[in-house]
Structure formats: C-alpha cells, structure tokens
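Subject: Structure handover

Dear colleague,

I am passing on the structure we discussed. Please look it over before you read my notes.

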Amino acid sequence: MIRLKPILEIPERECPSCYSALTASDWLITGMRNLADYHCSNCGSEFYGDLPAGQGLYTPVLIDKITCTVTGDANAEWFSGWLADSYANRSEVPLGFETRKFSPPRDKVVVLNCLDTLYGHSLLKLLNAQYYIDHHPDVSLIIILPRFLEWMLPDGVAEAWIIDLPLKRGTEWNDWLAGEISRRLESVPEIYLSVAFSHPHAEDFDIERFTRTAPIPLENLGNQENRPVVTFIWREDRLWEDTNPSTPERLRKHFRSRKLTDVQTLRVVKFAESLRREFPLLDFAVAGLGEAKGLPDWISDLRLTKLDDEAERSWCERYAGSHIVIGVHGSNMLLPSAHSGSVIEIIGNERWGNYLQDILFRTSDPRDMFFRYRFVPHSSTPEDLAGLASTMLRYDDFQHLMSPEFCRHRENYDFENWISRPKS
C-alpha cells in the first residue's frame, strides 16, 4: 500500500531538468492515472508524476506542468503518450458517479483504482481486492471501477464508486473527477492507495469470489467419457488468420478475397471437425463478441454483439464446464483461462512480448501446469491444433505418468488400488 495521508510516503523522484530530488506536496486521481504533485526546490520546475500503482509501478512517467514534456521509460512510450495527450486535453466535464456502500466507514481506507482504457487492465486490477479483504480487515476498501466490472465486485468491499467512463475514453484526465474523489476522502484520517498489481499472483485471488462461478474441478479433466467440452473464444479485432507460409498461393488468393472474419470461421469449423472425427460426441461452442452466424448446427454459437451481466455470467459457466478453451492472445482469454481446465492460446509474432499476461493460472504441480497451458504460433493450422487438443483431452495418460501419486516416494503405496485401476 502507498500511504497518501496524513503523510505522503512515496519513492523519491529526480528532477529531469537539474537532477535534484523532487518534493511531492499532494496527490490526485484524474481517471486511470494516480499522480503526485511534484516541485523542484532547486530549479523551480513543477511536474505531475505517476504514483507506483498499476502500470505506474513499472514505467512511471513525469510531465512538466508548463512545457508538457514527458520523461519516462523508452520501452513504454505508449504509457508516456497517454499522459501527454490526456494532460493536453484535460476535461472538467462531470462524469456519472454512483456509490455503493456495503459497510460502515473506518478511519483507515485503502483505495483501489480500477479505471483504465483496456478491459484486461481494469479486470486484473480488480483482482487485487481480495488481498486487502483477506489480510487487512481493519481497513475499509474503496474500489473505483468502470460500470462494466460492477458484476465482479467481491464480498467484503466497504464501498464501490462506479464511474461512467467508457474504455475508449479511459486515458482521460478529468479534473472534475479528481476533485470529486478528493472531496469524498477529505474527512478520512488515514488513506492508502493500492499498488494494483497489473498481474496479481494466482495465490492472491480466487476467481470464484469475483464471478461467483466455480472453475471446473481439475479431477474432472480425465472423466469426459469421450464427450469433451471445448470452447473457442471469439474476437473480431484480432483474428486467427492463415499466416502459414506453406499454404498454396491459390488458397491464399481465395482467403484474401473473403472477409477476415469469414476466414476465421472456416478455420474454427475445420478445427472442430478434425477434433470431432476423434471424439464424435464432442460438445463444441464459440463464445465472444461477434455476430452469431456461419456455424454448423452442431456447434453452439454463444456469440453476442452486446454484453450485460447475465451474459458475462453465462459465458463463465460455459468456461467452467470446458475441458479446453482456445483463442487468440488477448484480454478475452482472462476469464476463460481462470475457469476452464486447460488452455490453448494462439499468439502472433507481435504478441510474444506479452506472453502469459492474459492468462489467469490455476496453480498445481509444475508439470501439470505445463501440460494444461499450451501456447502456439499464429501459423498453426486447424489440424495442428486438433492434434494438440486431442493429446490434452487424454489427461488420464498424463496423470498415469506424471501425477504426484506416481512420482513421489512415500512409505506406504496403495498397490491394491493400483491393481484395480484401469490402465490406458
């Protein structure tokens, strides 16, 4: 936690003009940005700078109040650019602001800011809530979050401040919002800001406490009785296209003449058909944002063009019944990976630097995790993926060789159970 009041306790920052130590006199939350108000007693320069929370924990940025010059990590120019643009276009327009009160306020408060311009970033910040609920019962947790995440609020939160700030305006610097947050916290004697880890550790949250949907029990992975449940996670802004260089040119021309969403549909259907040949009772579905069309009747089409809380919960129930979820890398894989038994993720060359960032792992034996989470290049064919999925669905074979029961020395072995156990 970062102490904001009665004393502002934050890491020391250096003035980019004269390299003297900056002094922080105040703090403000302008939207997704948690900032300190800095001045340099040596050269007189004044700055706003990121507090160590969210992305600001990893790539903090300073912006000169007069020149609007930004100083930040060259590897995260996008984050610096968001601050420069939002500061140059500051808004004072009031936003929708609703309060949900769940428990009486205490004199000690921690604020968890989940506002962002990216869906996955907002969701991942929210998962930090459980740590404070479980380990700091003496503190009132106040969560600032966009309306689309309200359905995931866990029990134990003191207050939720629901802000009508859509993702497309998520980088906005809003002085009205900064003033409103400050006013609401003015009478609180002791205030902390959550560090809001961008990728909280799997041991620090239980997804069921947020979605109210229990993930599939891992012991069920080997019990699908030849009726496996597989779900493809659909998105239309990052597609599973045919990038395989070995594809004949005549087929490339054919694909180029069709809409890219149609190409993805063909590949998903081919993948499902290949898997169905091996598992005739396959339960296959497609879920995600998009228009429901173009799939054969035996594939369940769960796509929607508009989401609400009921639809989100329904999708989570589907994920929690899935032995495998498969999809293209992105925030669309967060909730599916948290609820399903196994994951196959398709990654384009431009996304390998973001490897693992969109997966919510269910911790288990390391070998078991390697088996259940697979990452494949964008050029993988439907047939390649069907072969991989087939291997993963035969989880019993893996367990017979690699589960702790057959790998760890102990004094007493249950040989009677071993004799009666069916062999693959």
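Below is what was found, taken from the overall makeup down to single residues.

The model is a predicted one. The protein is made up of 13 helices and 17 strands. It has 424 residues, and 51% of them count as buried. Among contacts with a separation of 6 or more, 64% are between residues 24 or more positions apart.

**The mixed sheet**

One open sheet holds six strands in the order β1-β11-β8-β9-β10-β7, and its pairing is mixed. At its edges are β1 and β7, each of which pairs on one side only. On average, and with direction ignored, neighbouring strands in this sheet are turned by 25 degrees against each other. Helix α4 packs on the sheet and touches β1, β7, β8, β9, β10 and β11. The direction of α4 makes about 30 degrees with that of β7.

At the β1 edge, β1 and β11 (residues 190-193) run antiparallel and are joined by three bridges. Which residue of β11 is the bridge partner of R3? The partner is Y192.

**The parallel sheet**

Another open sheet, also of six strands, has the order β14-β13-β12-β15-β16-β17, with parallel pairing. Its edge strands are β14 (299-301) and β17 (373-377), and each of these pairs on one side only. Here neighbouring strands are turned by 20 degrees against each other on average, again with direction ignored.

Within this sheet, β12 (residues 229-234) pairs with β13 (residues 283-288) in the parallel sense, over six bridges. I233 stands opposite A287 of β13. Two helices are worth looking at alongside these strands:

- Helix α8 (residues 309-320) lies across β12 and β13, and runs at about 145 degrees to β13.
- Helix α11 (residues 382-393) packs on the sheet, where it touches β15 (324-328), β16 (342-347) and β17. The direction of α11 makes about 160 degrees with that of β16.

**The second largest pocket**

The second largest pocket contains about 260 Å³ of space. Its lining consists of 18 residues, and those nearest the centre are P105, I142, E159, R184 and V188. Which elements each supply at least two residues of this lining? They are β7 (97-101), β9 (140-146), β10 (159-163) and α4 (175-185). By residue class, the lining divides into nine nonpolar, four polar and five charged residues.

The elements named here also appear in the mixed sheet: β7, β9 and β10 are among its strands, and α4 is the helix that packs on it.

**C114**

C114 is found in the loop between β8 (108-113) and α2 (119-126). Is this cysteine buried or exposed? C114 has a relative accessibility of 0%, so it counts as buried. Leaving out residues up to four places away in sequence, C114 touches S122, K125, L126, I143, I144, L145 and P146. One of these, L126, is 12 residues from C114 along the chain, and the C-alpha atoms of the two are separated by 5.9 Å.

**Backbone points to check**

Three places have backbone angles that you may want to view.

The peptide bond from K5 to P6 is cis, with omega near 10 degrees. P6 is in the loop between β1 (2-5) and β2 (23-29).

Y19 is found in that loop as well, between β1 and β2. Y19 is not a glycine, although its phi is positive, at about 65 degrees. The relative accessible area of Y19 is 58%, so this residue is exposed.

L356 has a positive phi too, near 80 degrees, and is likewise a residue other than glycine. L356 lies in the loop between β16 and α10 (366-372). What does L356 count as at 34% relative accessibility? L356 counts as partly exposed, because 34% falls between the 20% and 50% limits.

Regards

Note on methods:
Residues numbered from 1 in each chain as written. Predicted model: local features only at pLDDT ≥ 70, side-chain atom pairs only at ≥ 80, totals over all residues. Heavy atoms only, no water. Pairing = 2+ DSSP bridges. Helix = DSSP H or I, 4+ residues; strand = E, 2+ residues; numbered from the N terminus. Axes fitted to C-alpha atoms, helices over the stretch in contact; angles between N-to-C directions. Contact = heavy atoms within 4.5 Å. Buried < 20%, exposed > 50% of the residue type's maximum accessible area, 1.4 Å probe, protein only. 1 Å grid on protein atoms, 1.4 Å probe; cavity = no way out; pocket = protein on both sides within 12 Å on 5 of 7 lines; lining within 4 Å. Points joined across faces, edges and corners; volume = space filled by probe spheres on them. Nonpolar A, V, L, I, M, F, W, Y, C, P; charged D, E, K, R; others polar.
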